[in-house]
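Please open the model in your viewer and keep the sequence panel visible beside it. The stops below are meant to be taken in order, with a new selection made at each one.

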Amino acid sequence: MSCILNIETSTDVCSVAVSQDGVCIFNKEGGKGPNHAVSLGVFVDEALAYVDSRDIKIDAVAVSCGPGSYTGLRIGVSMSKGICYGRDVRLIAVPTLELLAVPVLLEHDVDENALLCPMLDARRMEVYAGIYDRALREARPVQADVVDENTYKEYLDKGKVYFFGNGACKCIDTINHPNAVLIKEIKPLARYMFPLAEKRMAEGKFEDVAYFVPFYLKDFVAKTPKKLL
């Protein structure tokens, strides 16, 4: 198995966790607002001190890669890259919306044929959302939605859809469908990252530390020659 340092900064909660052999052995969370530039370094220092004091070698760093707060994602990715360079370990990117689905699957009774719709708030009636089945296979890719009563109707007409994340509460009344189920208080946290991170590690899905960017910048970077970055 492996030891992974997990970093999550996509919303107003900053969290760092260490997983070893499928078990969370260190966890630190701060939910006092978007002060990641201050708290993330402290949390990472504590996590590294914890593993170093026990002679545990970190095999990879996993970071939530968006969508989410532009500033938060940049801070988290920059920190992750620095650790990867400093410790000569691999970088793993975990999509934030998939991460949101993990506590729902672990801690809630979800109907077998239901779909999951994690949402991140993008102000007004806009959200970033994806739609997944219980195996986290995409039923629809992640995209920015302006939510009205018809946005998810094609999926809701077929069965239950669970909505969660910090964009879900404001949308549920507008969606207004008998198959729409709201799950409150679901946040993307580092302690839920390791199942997704370990799966990517087993599949060899690592990122290029030099050129990796979070969700918001991908389209820009894809069009920019690497020599100009």
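The tour goes from a helix pair to the nonpolar cores and then to a single strand residue.

Keep in mind throughout that this is a predicted model.

**First stop: a helix pair**

Select helix H1, residues 36-53, together with helix H2, residues 70-87, whose axes come within 10 Å and cross at roughly 30°. Because angles under 35 degrees count as roughly parallel, H1 is roughly parallel to H2, and the crossing of the two helices is right-handed. To see the contact itself, show the side chains of His-36, Ala-37, Leu-40, Gly-41, Val-44, Leu-48 and Asp-52 on H1, and on H2 those of Gly-72, Ile-75, Gly-76, Met-79, Ile-83 and Arg-87. If you colour this contact by class, you should find 7 nonpolar, 4 polar and 2 charged residues.

**Second stop: the largest nonpolar core**

Which residues of the largest nonpolar core touch the most other members? Select Ala-62, Ile-92, Val-94, Val-104, Leu-116, Tyr-162 and Phe-164, which hold that place among the 31 residues of the core. Next, colour the elements that give two or more residues to this core, namely strands E4 (60-64), E5 (90-94), E6 (115-121), E7 (126-132) and E9 (161-164), along with helices H3 (96-107) and H6 (194-202). The largest share, 6 residues, comes from H3.

Stay with H3 for a moment, since this helix is mostly covered, with 9 of its 12 residues buried. The buried residues to pick out are Thr-96, Leu-97, Glu-98, Leu-99, Leu-100, Ala-101, Val-102, Pro-103 and Val-104.

Now centre on Tyr-162, which, leaving aside residues up to four places away in sequence, touches Asp-109, Val-110, Asp-111, Ala-114, Leu-115, Leu-116, Cys-117, Val-181 and Ile-183. Apart from the largest core lies another one, of 26 residues, and to locate this second core you can select Ile-7, Cys-14, Val-44 and Cys-84, which are among its members. Val-44 will already be familiar from the first stop, where this residue of H1 takes part in the contact with H2.

**Last stop: a strand residue**

Finish at Gln-20, which lies in strand E2, residues 14-20. Gln-20 is partly exposed, with a relative accessible area of 29%, and beyond residues up to four places away in sequence it touches Ser-2, Cys-3, Ile-25 and Ile-56. For a view across the model, draw a distance from the C-alpha atom of Gln-20 to that of Tyr-152, 132 residues apart along the chain, where the separation is 38 Å.

Note on methods: Residues numbered from 1 in each chain as written. Predicted model: local features only at pLDDT ≥ 70, side-chain atom pairs only at ≥ 80, totals over all residues. Heavy atoms only, no water. Axes fitted to C-alpha atoms, helices over the stretch in contact; angles between N-to-C directions. Helix = DSSP H or I, 4+ residues; strand = E, 2+ residues; numbered from the N terminus. Parallel < 35°, antiparallel > 145°, perpendicular 65-115°, else oblique. Left-handed = near helix turned anticlockwise from the far one by under 90°. Contact = heavy atoms within 4.5 Å. Nonpolar A, V, L, I, M, F, W, Y, C, P; charged D, E, K, R; others polar. Core = buried A, V, L, I, M, F, W, Y, C linked by side-chain atoms within 4.5 Å. Buried < 20%, exposed > 50% of the residue type's maximum accessible area, 1.4 Å probe, protein only.
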